[in-house]
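Please read this report with the sequence and the model side by side. It takes up repeats, sheets, cysteines and charged pairs in turn.

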Amino acid sequence: MTLPPPDPQFVLRGTSAAVHTLHFSCGGPEPDIPLLFSGSENGFVHVWNLKTHRVDTALDGHGRKSVYCVKTMGGKDRLLSQGRDQRICLWDLAEGRTSVTDSVFTEHVGFCRCSLLKVAQGRWLMAMAARSSEEVQILELPSKTSVCTLKPEVGAKLGMPMCLKLWQLSCGSQPVLLAGYEDGSVVLWNVSTGKALSRLICHQEPVMSLDFDSEKAKGISGSSEKVLSIWSLNEQQNLQVYKTHKLVNAGISDITIRPDKKILATAGWDHRIRIFGWKKLKPLAVLDYHTATAHCVSFSDHSNPRDRLLAAGSRDQRISVWSIYAQT
């Protein structure tokens, strides 16, 4: 008999708007306070204290336009946020500061979240959807130097990039980008040469979210359909369909694999968070708490596995925080 799903460990309220993105910063040693960053439709980034379950700081840098991506850059004092004002802001949060130190004007009108990859101490690559509808631009941060622009071949008709994931096999190896497009395909790009290495049609509809496990060379994507697509990357750098998993209800907003690669979570248009085993995609739990579309899911980066949390943000303006499969 399967156990009934648990209730959230706690719920964070007070964003006063739909929650579109979440990012944990919990890896620091004591007495560092574990934090959760959220970005909402009203243009605010909220910094949640996970000890008090209250907002420590509210950051207002996107002219009240929806914030749909938030990431830390090597610690909780440096933050990146991306909004519908077509701006990516870099924040300095050290010693109580709340200042935007720099920004990048993306000229992108969609909802494609940027992707960050640390390439050296204090140096990052950032992939973002570019002004021209099908292109992806790669910048180096903090210098904002353009590395390359990834342009599909003439006549490829991929549509707009919808989701991006920069990664590298090991420190020092060539960075590559996985991009999910409006036509349902996932493309692997070599960032150094600006060339597409492989393209795979994974969905009939736009790819809404993807994640990739570089150790197993295996990825997963979701769309507005009732199917999750699992694909692999062979040694010749070709993407291949590994298998598909049929869902009860259509529509996936977000997918994330837990850092230990044991489980993954999906955020559904049906309000539910679903947990799967990553090895065989065995369904493990359905977390049925939210009363509107779940927009985002994020796993915490606690160093102690027992402290690990899962957070989900929804259109119902709430953030549910769960302790689930923390022992596995």
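Helices (H or I, at least four residues) and strands (E, at least two residues) are DSSP runs, numbered from the N terminus. With that in mind, the span of residues 200-241 is 60% strand and 0% helix, and its end C-alpha atoms lie 8 Å apart. The model is a predicted one, in which local features need pLDDT of at least 70 and side-chain atom pairs count only at pLDDT 80 or more, while totals for chains, interfaces and linings use all residues. Residues are numbered from 1 along each chain as its sequence is written, and side-chain values use heavy atoms, with hydrogens and water left out.

**Repeats**

An unreviewed UniProt entry lists "repeat: WD" for residues 177-199, 200-241 and 287-328; UniProt positions are given in the numbering used here, feature names are shortened, and such annotations may be inferred rather than shown by experiment. The span of residues 177-199 is 70% strand and 0% helix, and its end C-alpha atoms lie 12 Å apart.

**Two sheets**

Strands of a sheet pair through backbone hydrogen bonds, either parallel or antiparallel. Here two strands count as paired if DSSP finds at least two bridges between them.

One open sheet has four strands in the order E10-E11-E12-E13, with antiparallel pairing. Its edge strands, each pairing on one side only, are strand E10 (115-120) and strand E13 (145-150). The twist from one strand to the next averages 20 degrees, where axes are lines fitted to C-alpha atoms (for helices over the stretch in contact) and angles run from 0 to 180 degrees between N-to-C directions. Within this sheet, strand E11 (residues 123-129) and strand E12 (residues 136-141) run antiparallel and are joined by six bridges, and the bridge partner of Trp124 in E12 is Leu141.

Another open sheet of four strands has the order E18-E19-E20-E21, again with antiparallel pairing. Strand E18 (207-213) and strand E21 (239-246) are its edge strands, each pairing on one side only. Strand E19 (residues 218-223) pairs with strand E20 (residues 227-233) over five bridges in the antiparallel sense, and the bridge partner of Ser221 in E20 is Ser229.

**Cysteines**

How many disulfides does the rule give? A disulfide is a pair of cysteine sulfur atoms within 2.5 Å, and by this rule the count comes to zero. The sulfur of Cys69 has its closest cysteine sulfur in Cys114, but at 4.0 Å this is too far for a bond. For Cys148 the closest cysteine sulfur is in Cys112, and the 15 Å between them is also too far for a bond. Cys69 counts as buried at 1% relative accessibility (buried means under 20% relative accessible area, exposed over 50%, partly exposed in between, with a 1.4 Å probe and protein chains only). Cys148 is buried as well, with a relative accessible area of 14%.

**Charged pairs**

Side chains of opposite charge can pair when their charged atoms come close. A salt bridge is a side-chain nitrogen of Lys or Arg within 4 Å of a carboxyl oxygen of Asp or Glu, and a search of the whole structure finds 19 of them. The table lists some of these.

| Pair | N to O distance |
|---|---|
| Asp60 and Arg64 | 3.0 Å |
| Arg87 and Asp85 | 3.7 Å |
| Arg318 and Asp316 | 3.1 Å |

Asp60 is partly exposed, with a relative accessible area of 40%, whereas Arg64 counts as exposed at 53%. Arg318 is buried at 18% relative accessible area, and Asp316 counts as buried at 15%. Elsewhere, a network of salt bridges links Asp270, Arg272, Arg274 and Asp288.
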